Amino acid sequence: MHTRRSFPAGSAQDPNPNPNGQGGPGARGRSRNRRRAGMLGALVGVAALLASACTSGGSTHPGSGPAEAGAAEAGLAALPRSTPAALTPYYTQKLTWRSCGVPGFQCATMRAPLDYTKPEAGNTQLAVARKKATGLGKPLGSLLVNPGGPGGSAIGYLQQYAGIGYPTDVRARYDMVAVDPRGVARSEPVECLSGRAMDAYTQTDFTPDDAKETAELVEAQKKFAEGCGKDAPGLLRHVSTAESARDMDILRSVLGDEKLTYVGASYGTFLGATYAGLFPDRVGRLVLDGAMDPSLPARRMNLDQTAGFETAFRAFARDCVRQRDCPLGTRASEVGRNLKAFFGKLDAQPIPTGDPDGRELGESLATTGVIAAMYDEGAWEALRDGLTSAMRENDGAGLLALSDSYYERDGDGSYTNLMFANAAVNCVDLPPAFSTPDEVRRSLPAFEKASPVFGEGLAWATLNCAYWPVAATGEPHRIEAKGAAPIVVVGTTRDPATPYRWAQALSRQLSSSRLLTYEGDGHTAYGRGSDCIDDTINAFLLRGTPPVGGKRCS
């Protein structure tokens with residue numbers, strides 16, 4: 001599954017600026033328009049992906065794979081401190097900065113070797129953006145940001161939020177910088193399906209009831225994988241997290257920074273931790289928010305994440321029944337059963353949405369919409385509204401708009417490459433969670449125990465990497481980063497996408513980590529309303545003062 005940091009609710013930048021285009025004809029009642037507008041505002045930047053397995057390890061120095069149920073014991077080995085002669089031209093290149101078309105930001109293109117083991121074999125072009133430090137005081141160098149995914153555009157995140165929404169003091173002292181990782185957004189993006197084909201894929205039944213539906217699901221996942229293979233057969237072998245971490249070190253050098261200062265959210269924590277493991281002596285001030293555990297195999301990670309979404313859903317259920325307009329019942333204990341029953345009705349008979357492309361709301365799109373709202377408690381009201389319209393008025397427009405935001409589908413029917421890059425990185429970073437439909441079926445009881453509401457669909461969604469056109473190059477592994485400067489690892493206790501136990505696990509692995517805990521809901525913690533979290537991270541970024549290990553905030 002995809003993990004990505006959401007922008008704070010109410011953020012000024014909406015990646016879906018044409019809500020009417022998503023929801024159908026404009027001749028709708030006022031209340032429904034208000035519902036949709038509120039929902040899209042709350043979901044700015046929220047993204048997850050039912051169609052991909054959770055991401056993890058990808059390493060140029062992987063250890064042998066662990067038993068499925070356990071965690072890896074092998075550690076990620078650091079690279080030599082000296083730069084190989086064959087890589088010197090990359091580390092000494094000069095960037096040509098130009099206007100991005102977004103006021104205050106500059107853009108450039110950076111070269112990196114497509115294959116670090118054969119630098120002479122050719123390059124990949126990476127898009128970079130920056131916003132220069134805006135205030136007085138001693139400059140602190142560059143602050144690189146990544147919102148996660150894999151597949152989330154770091155440049156989009158920089159221009160839409162970090163470069164304008166990070167604390168004023170941080171933006172005053174740092175050049176804010178982002179690079180879209182290889183295969184993502186502006187960096188030679190992987191493309192797999194057309195908009196129409198992607199519409200069909202997102203409506204695939206991920207809870208097959210019989211052999212025919214199972215075969216249709218397998219065929220859809222094969223078609224998705226084949227499309228990616230046809231688009232970028234060479235690049236697909238070289239989009240691993242380890243390679244993207246090495247790209248970050250080239251960027252650090254090109255920017256003139258002795259050490260890397262970095263804020264990574266969600267999957268961005270794995271990218272940052274991998275950097276620390278490969279280059280521990282070049283670690284500056286690293287913040288890993290919504291941390292992942294790189295030591296887990298894909299099946300275990302998916303089970304953990306499934307349980308994480310169940311935890312978040314139960315928090316939503318408790319909140320929902322306290323509201324007068326909860327469409328799922330009056331007792332928290334019945335919310336899940338009622339939602340599951342509603343999904344069953346949609347599986348048998350989808351409902352209208354008013355979508356100009358003719359899409360109806362079936363079980364898969366509805367489930368996607370609900371999961372999208374689990375990323376940020378600010379979206380719970382929009383979810384209640386969407387469910388009310390669907391369950392009581394036979395109008396699926398609200399849940400469809402939630403799903404479209406989740407998949408980054410624009411009003412014109414086009415998609416960003418988020419989902420394609422997400423699968424490309426996931427499937428090269430780890431061996432697949434399942435290899436056959438029979439393996440999925442045998443694991444259904446465990447997944448349904450982890451989440452009675454979402455478990456079945458999330459189990460089947462992990463099958464996609466079984467049909468990937470290139471073999472995985474990574475394995476689960478521990479990351480210790482011995483000798484690194486203090487690294488702040490942040491975990492949220494009811495985080496749906498990166499369960500809190502992952503932050504605890506990564507903190508135990510990293511030799512210099514300081515665990516910072518946010519006791520609350522939603523995905524990630526920095527910039528989401530906790531003064532305690534924000535003040536602690538700002539002090540680290542601005543003064544180099546790490547928190548006392550074990551600090552907790554609410």
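Okay, before anything else, one word: a residue counts as buried when its relative accessible area is under 20%. Keep that in mind, and also that what we have here is a predicted model.

Let's start with the disulfides. The count for this structure comes to five. If you number the bonded cysteines in sequence order, the pairing runs 1-2, 3-4, 5-6, 7-8, 9-10. I'll walk you through three of the bridges.

Here's one: Cys-192 is joined to Cys-228, with 1.8 Å from S to S. These two come from distant parts of the chain, 36 residues apart. Cys-192 is in the loop between strand 7 (175-179) and helix 6 (195-202), while Cys-228 belongs to helix 7, residues 211-231. So is Cys-192 buried or exposed? Its relative accessible area is 10%, and because the cut-off is under 20%, Cys-192 counts as buried. Cys-228 is buried as well, with a value of 0%. And the handedness? The torsion about the S-S bond of Cys-192 and Cys-228 is about 100 degrees, so this disulfide is right-handed.

Next up, Cys-320 and Cys-326, which are joined with an S to S distance of 2.1 Å. The torsion about their S-S bond is about 105 degrees, so the link between Cys-320 and Cys-326 is right-handed. Both of these cysteines are buried.

Then there's the bridge between Cys-427 and Cys-465, with the sulfur atoms 2.0 Å apart. Which hand does the link of Cys-427 and Cys-465 have? With -85 degrees about the S-S bond, that link is left-handed. It also ties distant parts of the chain together: Cys-427 sits in helix 15 (residues 418-429), and Cys-465 is in the loop between helix 17 (455-461) and strand 10 (487-494), 38 residues apart. Cys-427 and Cys-465 are both buried.

Remember helix 17, please, as we turn to the cavities. A search of the whole structure turns up eight cavities of 30 Å³ or more. The largest has a volume of about 140 Å³. What lines the largest cavity? There are 15 residues, and those nearest its centre are Phe-206, Thr-207, Glu-363, Thr-367 and Gly-457. Helix 11 (332-348), helix 12 (363-373) and helix 17 each supply at least two residues of that lining. Which helix gives the most? That's helix 17, with four residues. Sorted by class, the lining has seven nonpolar, four polar and four charged residues.

Last topic: aromatic rings. A pair of rings is described by the distance of the centres and the angle of the planes. This structure has 14 aromatic pairs. In one of them, Tyr-161 and Tyr-166 meet edge-to-face, 5.9 Å centre to centre and with 70 degrees between the planes. Tyr-166 also pairs edge-to-face with Tyr-526, at 5.4 Å and 80 degrees. That second pair links distant parts of the chain, since Tyr-166 and Tyr-526 are 360 residues apart. Tyr-166 lies in the loop between helix 4 (154-165) and helix 5 (168-173), and Tyr-526 lies in the loop between strand 11 (513-521) and helix 19 (531-543). Tyr-166 is buried at 2% relative accessible area, and Tyr-526 counts as buried at 4%. Put together, Tyr-157, Tyr-161, Tyr-166 and Tyr-526 form one aromatic cluster.

One more ring to look at: the charged end of Arg-130 sits over the ring of Trp-97, 4.0 Å from the ring's centre. That's my tour, thanks!

Methods. Residues are numbered from 1 along each chain as its sequence is written. This is a predicted model: local features need pLDDT of at least 70, side-chain atom pairs count only at pLDDT 80 or more; totals for chains, interfaces and linings use all residues. Side-chain values use heavy atoms; hydrogens and water are left out. A disulfide is a pair of cysteine sulfur atoms within 2.5 Å. Buried means under 20% relative accessible area, exposed over 50%, partly exposed in between (1.4 Å probe, protein chains only). On a 1 Å grid over the protein atoms alone, a cavity is a set of points where a 1.4 Å probe fits but cannot get out, and a pocket is an open set with protein on both sides within 12 Å along at least five of seven lines; lining residues have an atom within 4 Å of a point. Grid points are joined across faces, edges and corners, and a volume is the space filled by probe spheres set on the points. Ala, Val, Leu, Ile, Met, Phe, Trp, Tyr, Cys and Pro count as nonpolar, Asp, Glu, Lys and Arg as charged, and the others, Gly among them, as polar. Rings of Phe, Tyr and Trp (its six-membered ring) pair if their centres lie within 6.5 Å; planes under 30 degrees apart count as stacked, over 60 as edge-to-face and the rest as tilted. A charge sits over a ring if NZ of Lys or CZ of Arg is within 6 Å of the ring centre and within 35 degrees of the ring normal.
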